[in-house]
Each structure stands twice: as structure tokens, then as C-alpha cells.
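Please walk me through this structure one feature at a time. For each feature, give the general idea and then the case here.

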Amino acid sequence: MIHTQEMWGAKCDSCGKQWDNGDSISYYPGRTDVEYSLNESGWHIDGDKCYCPKHHTIDENDQIVIITQ
């Protein structure tokens, strides 16, 4: 049987970089799978927005700071 499958991925809301898990996998069948992998790879999730490691940092008060272009 051929069928469709909804897949989830992410890209940086600052630079548009497509996320991949380091093994060339960019999409997963569930949102929670992507969120877990994003967190493991140093990306930051803020609601429906995502930021790659180049576009966020943690300040001296352990707060996330978003770096825009």
C-alpha cells in the first residue's frame, strides 16, 4: 500500500537554516521526536519558533537571548 505520512521538521526563525540531527535526518513522524532531537542538538524551542545555536545564547542569569540577524 502506498500512503502519505505527515512529517515534522524545523528551521531557524532567525536565519532559515534547516535543522538536521547530524545524521542527515531532517524530518520525523511526530512533533515530540523533533523537539527531543532539537534540544539534544543545541537548538532552542520557544513555542512554535526555533533557533539554531548561532542565533541564541544563554546570559549570565541563565536566560535565553535570541540573536537576530
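The dialogue below takes up confidence, salt bridges, cysteines, the core, an aromatic pair and a backbone angle.

Q: What kind of model is this, and how are its residues numbered?
A: This is a predicted model, in which local features need pLDDT of at least 70, side-chain atom pairs count only at pLDDT 80 or more, and totals for chains, interfaces and linings use all residues. Residues are numbered from 1 along each chain as its sequence is written, and side-chain values use heavy atoms, with hydrogens and water left out.

Q: What is the mean pLDDT of the chain?
A: pLDDT is the predictor's confidence in each residue, from 0 to 100. The chain has a mean of 89, and 99% of its residues reach 70 or more. Helices (H or I, at least four residues) and strands (E, at least two) are DSSP runs, numbered from the N terminus. Among these elements, strand S2 (residues 49–51) has the highest mean pLDDT, 92, and S4 the lowest, 89.

Q: How many salt bridges are there?
A: A salt bridge is a side-chain nitrogen of Lys or Arg within 4 Å of a carboxyl oxygen of Asp or Glu. By that rule there are two. In one, Glu35 meets Arg31 at 2.7 Å, N to O; both residues lie in helix H1, four residues apart, about one turn of the helix. In the other, Asp48 meets Arg31 at 3.0 Å, N to O. Asp48 is in the loop between S1 and S2 while Arg31 is in helix H1, so this pair ties together parts that are 17 residues apart in sequence. Arg31, Glu35 and Asp48 are thus linked in a network of salt bridges.

Q: Is Asp48 buried or exposed?
A: Relative accessible area decides: buried means under 20%, exposed over 50%, and partly exposed in between (1.4 Å probe, protein chains only). Asp48 is exposed at 65%, whereas Arg31 is partly exposed at 33% and Glu35 is partly exposed at 24%.

Q: How many disulfides are there?
A: A disulfide is a covalent bond between the sulfur atoms of two cysteines. The rule used here asks for a pair of cysteine sulfur atoms within 2.5 Å, and the count is zero. For Cys50, the nearest cysteine sulfur is that of Cys12, 8.3 Å away. For Cys52, the nearest is also that of Cys12, at 3.8 Å. Cys50 is buried at 10%, and Cys52 is buried at 1%.

Q: Which residues make up the largest nonpolar core?
A: A nonpolar core is a set of buried Ala, Val, Leu, Ile, Met, Phe, Trp, Tyr and Cys residues joined through side-chain atoms within 4.5 Å. The largest has nine residues: Ala10, Cys12, Trp19, Tyr28, Val34, Leu38, Trp43, Cys50 and Cys52. Contact means heavy atoms within 4.5 Å. Leaving aside neighbours within four places in sequence, Leu38 is in contact with Ala10, Trp19, Trp43, Ile45 and Cys50.

Q: Where are the rings of Trp19 and Tyr28 placed relative to each other?
A: Rings of Phe, Tyr and Trp (its six-membered ring) pair if their centres lie within 6.5 Å; planes under 30 degrees apart count as stacked, over 60 as edge-to-face and the rest as tilted. The structure holds one such pair. The Trp19 and Tyr28 ring centres are 6.0 Å apart with planes at 35°, so the pair is tilted.

Q: What is phi of Asp62 near?
A: Most residues other than glycine have a negative phi. Phi of Asp62 is near 60°, a positive value. Asp62 lies in the loop between strand S3 (56–58) and strand S4 (64–66).
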